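This report walks through a single protein chain, moving from a loop residue to two helices and then to the charged pairs. Please keep the sequence and the structure open while reading.

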Amino acid sequence: LAIAAKRAGIIPASSLEKKIQIRRVSQFLMNQVEQTNTSLPRLCPSSELMQTIFAQELEHERKYFPKWFESQGGEDALRKSFEKAVRNKFCAHDVDKIFDTGIMDDIFRQVK
């Protein structure tokens with residue numbers, strides 16, 4: 001998000017010249033989002049695609065790791081773990097929508 005904001009000219013380019021600056025600005029942005037309880041729009045794969053991926057994962061777990069699969073709670077546990085991963089790892093912030101709506105403009109202005 002920080003790099004996209006820099007590329008869009010929303011935050012100063014000089015604030016993201018080094019890796020440490022990128023980390024600091026990214027952390028600052030996310031802290032501000034949390035503190036202001038801002039809900040950021042996200043882009044996620046379709047539920048159909050996620051169902052296909054889950055079915056493949058389930059098949060492979062059962063086929064190649066049957067003992068481990070059952071010891072970890074079987075299909076129910078895999079489904080819960082997969083659903084959590086979908087929310088946290090398969091989705092990304094909808095940067096275009098964030099910029100278009102101005103939802104973070106006040107936060108971006110704080111970056112120097």
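Leu 16 sits in the loop that runs between α1 (2–7) and α2 (19–35). The model is a predicted one, and every value below should be read with that in mind. Is Leu 16 buried or exposed? With a relative accessibility of 4%, Leu 16 counts as buried, because the cut-off for that class is under 20% relative accessible area. Leaving aside residues up to four places away in sequence, Leu 16 touches Ala 2, Ile 3, Lys 6, Ile 11, Gln 21, Ile 22 and Val 25. Met 50, by contrast, lies 35 Å from Leu 16 in space, C-alpha to C-alpha, with their positions 34 residues apart in sequence.

**Helix α2**

One of the contacts of Leu 16, Val 25, is also listed among the buried residues of α2, which are Val 25, Leu 29, Gln 32 and Val 33. Viewed down the axis of α2, these buried residues fall within an arc of 105 degrees, so they line one face of the helix. The cover over the buried residues of α2 includes α1 and α7. On the other side of α2, the exposed residues are Lys 19, Arg 23, Arg 24, Glu 34 and Gln 35. As for its dimensions, α2 has 17 residues and reaches 24 Å from its first C-alpha to its last, close to the 24 Å expected at 1.5 Å a residue.

After α2 comes Asn 37, which has a positive phi, near 55 degrees. Most residues other than glycine have a negative phi, and Asn 37 departs from that pattern, with a positive phi of about 55 degrees although it is not a glycine. Asn 37 belongs to the loop between α2 and β1 (42–43), and its relative accessible area of 68% makes it exposed.

**Helix α3**

Helix α3 covers residues 47–64; its 18 residues reach 25 Å from the first C-alpha to the last, close to the 26 Å expected at 1.5 Å a residue. Which residues of α3 are buried? They are Met 50, Phe 54, Leu 58 and Glu 61. Seen along the axis of α3, its buried residues fall within an arc of 75 degrees, so they line one face of the helix. What covers the buried residues of α3 includes α4 (66–71) and α5 (74–90), whereas Glu 48 and Lys 63, on the other side of α3, are exposed.

Ile 53 is another residue of helix α3, and at 30% relative accessibility it counts as partly exposed. Together with Leu 49 and Phe 90, Ile 53 forms a nonpolar patch on the surface, and the three have about 230 Å² of accessible area together.

**Salt bridges**

Side chains of opposite charge can pair when their charged atoms come close. How many salt bridges does the structure hold? There are three salt bridges in the structure, and the table sets out the partners and the N to O distance of each.

| Acidic residue | Basic residue | N to O distance |
|---|---|---|
| Glu 75 | Arg 62 | 2.8 Å |
| Glu 75 | Arg 79 | 2.9 Å |
| Asp 106 | Arg 109 | 2.4 Å |

The salt bridge between Glu 75 and Arg 62 links distant parts of the chain, since Glu 75 is in helix α5 and Arg 62 in helix α3, 13 residues apart. Glu 75 is partly exposed at a relative accessible area of 29%, and Arg 62 is partly exposed as well, at 42%.

Glu 75 also pairs with Arg 79 through a salt bridge. Because Glu 75 and Arg 79 are four residues apart in helix α5, about one helical turn separates them. Arg 79 has a relative accessible area of 33% and is therefore partly exposed. Taken together, Arg 62, Glu 75 and Arg 79 are linked in a network of salt bridges.

The salt bridge of Asp 106 and Arg 109 lies in helix α7 (residues 105–109), where the two residues are three places apart and so are separated by about one helical turn. Asp 106 is exposed, with a relative accessible area of 54%, and Arg 109 is exposed, with a relative accessible area of 58%.

Conventions:
Residues are numbered from 1 along each chain as its sequence is written. This is a predicted model: local features need pLDDT of at least 70, side-chain atom pairs count only at pLDDT 80 or more; totals for chains, interfaces and linings use all residues. Side-chain values use heavy atoms; hydrogens and water are left out. The expected span of a helix is 1.5 Å times one less than its number of residues. Buried means under 20% relative accessible area, exposed over 50%, partly exposed in between (1.4 Å probe, protein chains only). The arc is that of the directions from the helix axis to the C-beta atoms. Contact means heavy atoms within 4.5 Å. Patches are made of residues with over 30% relative accessible area and no salt bridge: like charges are joined within 9 Å, nonpolar side chains (Val, Leu, Ile, Met, Phe, Trp, Tyr) within 5 Å. Accessible areas come from the Shrake-Rupley method with a 1.4 Å probe; for residues, only the protein chains shown count as cover. A salt bridge is a side-chain nitrogen of Lys or Arg within 4 Å of a carboxyl oxygen of Asp or Glu.
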